[in-house]
Amino acid sequence: MTTTVPTSATPAGARPLDDRRADAREKDIMRFRTVSGPDLTTRNDAYLAWQLDRQQAELWPYFRRYESAALTTRATVVSDTGVVTQGPNFGGQDYLSLTAHPAVLDAAHQALRDYGPLTAGSPALGGATPISKALETGLGEALRTEHVALFPTGWAAGFGTIRSLLHRRDHILLDRLSHDSLRQGAAASGASVEFFRHLDNEAVRRHLRGIRATDTAGAVLVVTEGVFSMDSDTPQLAELLGICREYGAHLMVDVAHDFGAMGERGGGQLEVHGILGEVDFVVGAFSKTFATTGGFLATPSASAREYVRMFGGPQTFSSAITPVQTAVALAALSVVTSAEGARRRTAVSAVATRLREGLTARGLEVMGDVVCPVVPVLIGDTPTGRTASGLIARAGLVAHLVEQPAVASDAARFRLQAMAEHSDDDVDTAIDILDTCIREARRTVG
Ligand SMILES: Cc1ncc(COP(=O)(O)O)c(C=O)c1O
């Protein structure tokens, strides 16, 4: 069967260009989320036509490629239609600027020489090296939690842990804004799943009371994040842990964005809230602060760790993180836990503060009440967000628009990611460009 791929020159149907432009700017991407029809190779053609219209109109913020190193403070990015953006880079995740740190690069080269570019297989089938053990030990010390299992990505850590530990007669209670990996793990586990209002500990208490009124036998897992990166806010974790204990529930915290980047010693929000070592399941990602891809589970339970290592899908059926990734995470961890790490945390916090204050002074709405490396700037309606995103790319700022399905359709935002090595000039240029382009977009969209 052949598929006709529509292009901007041959769109689906013969709709006038102005209508297609308006659709590109305004239509909800969720229209395409559920499609039906017997032919899987053609039933997404309408989606592709719409995507091409968005690309053509410079209203498509996705799949751009870095032509320079991705995590330098200034970068060059090119869109599918050839729009080149050259300027301050607030679109990458390297909170402590460790991707170019000499100790990190040396560790990567050494691991490549010692162990080669790939592991023998999954963690279950020979995927570990001596560096894996050292990394597990180091993470366990930093989180004061004895048992650690490594995963190939942060996504796999959240998904694999929940999916393997919870079963049909159990309950999972997630913050309504939990990351995709946690939601998918919950959905795949077969347990009964409920969502509670974002950050609302009293809502957690009500849900737990309801669950325990009818079921005292099943396990209950409450799931939240140290910092919610789309919103730059954090739960009252110590109180939440107390509520879980009251109702015989367990707590899981995803520390992808805060571990290493926040807290005096880099222990993230668990350290800030004084509960390092007390949470039942801590999952995290290396991809924000530890200069590589990969993830982990840390737990005080030896049996839970072994069980997840055997039954957590990516532990057995996906190749382990490579020796280079493991060595990079280990070298980054040693910087994170040193005095240099503390200096870098102070630096990234100063960058985030300058951004927050500068944007607020221009009348823009900066979201969240936690100074963390992620600075979300609320736009609101999606058409304005898409229009501003196109203007910002042309003006020379690398910053990502976040729109549906990641956030609600009336809550589009730019998510700026600060790095320790951003200069004042990078920050001030970003503020100027955002301010000018968002104003212009608001004028255009009306
Ligand atoms: C809270 C949270 N957990 C997990 C992940 C996944 O991490 P990774 O990209 O390393 O797989 C992310 C990244 O987007 C995240 O924000």
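Axes here are lines fitted to C-alpha atoms, for helices over the stretch in contact, and angles run from 0 to 180 degrees between N-to-C directions. Helices (H or I, at least four residues) and strands (E, at least two) are DSSP runs, numbered from the N terminus.

This is a predicted model, in which local features need pLDDT of at least 70 and side-chain atom pairs count only at pLDDT 80 or more, while totals for chains, interfaces and linings use all residues. Residues are numbered from 1 along each chain as its sequence is written, and side-chain values use heavy atoms, with hydrogens and water left out.

**Exercise 1.** Describe how helix α1 packs on helix α2.

Solution.
- Step 1: α1 covers residues 17-26 and α2 residues 45-56; their axes lie 9 Å apart at an angle of about 90°.
- Step 2: α1 is therefore roughly perpendicular to α2, the term for angles of 65 to 115 degrees (under 35 is roughly parallel, over 145 roughly antiparallel, the rest oblique).
- Step 3: On the α1 side, Arg-20, Asp-23 and Ala-24 meet Trp-50, Asp-53 and Arg-54 of α2, contact meaning heavy atoms within 4.5 Å.
- Step 4: By class, the contact of α1 with α2 has two nonpolar, no polar and four charged residues. Ala, Val, Leu, Ile, Met, Phe, Trp, Tyr, Cys and Pro count as nonpolar, Asp, Glu, Lys and Arg as charged, and the others, Gly among them, as polar.

**Exercise 2.** Characterise the largest pocket and its lining.

Solution.
- Step 1: The largest pocket holds about 1,500 Å³ of space. On a 1 Å grid over the protein atoms alone, a pocket is an open set of points with protein on both sides within 12 Å along at least five of seven lines, and lining residues have an atom within 4 Å of a point. Grid points are joined across faces, edges and corners, and a volume is the space filled by probe spheres set on the points.
- Step 2: The lining of the largest pocket comprises 50 residues, of which His-179, Ser-229, Met-230, Ala-406 and Arg-415 are the closest to its centre.
- Step 3: Elements giving two or more residues to this lining include α5 (154-165) and β14 (412-417).
- Step 4: The lining divides into 21 nonpolar, 19 polar and ten charged residues.

**Exercise 3.** Locate the cis peptide bond that joins Gln-404 and Pro-405.

Solution.
- Step 1: Omega of this bond is about 10°.
- Step 2: Pro-405 sits in the loop between β13 and β14.

Conventions: 1 Å grid on protein atoms, 1.4 Å probe; cavity = no way out; pocket = protein on both sides within 12 Å on 5 of 7 lines; lining within 4 Å.
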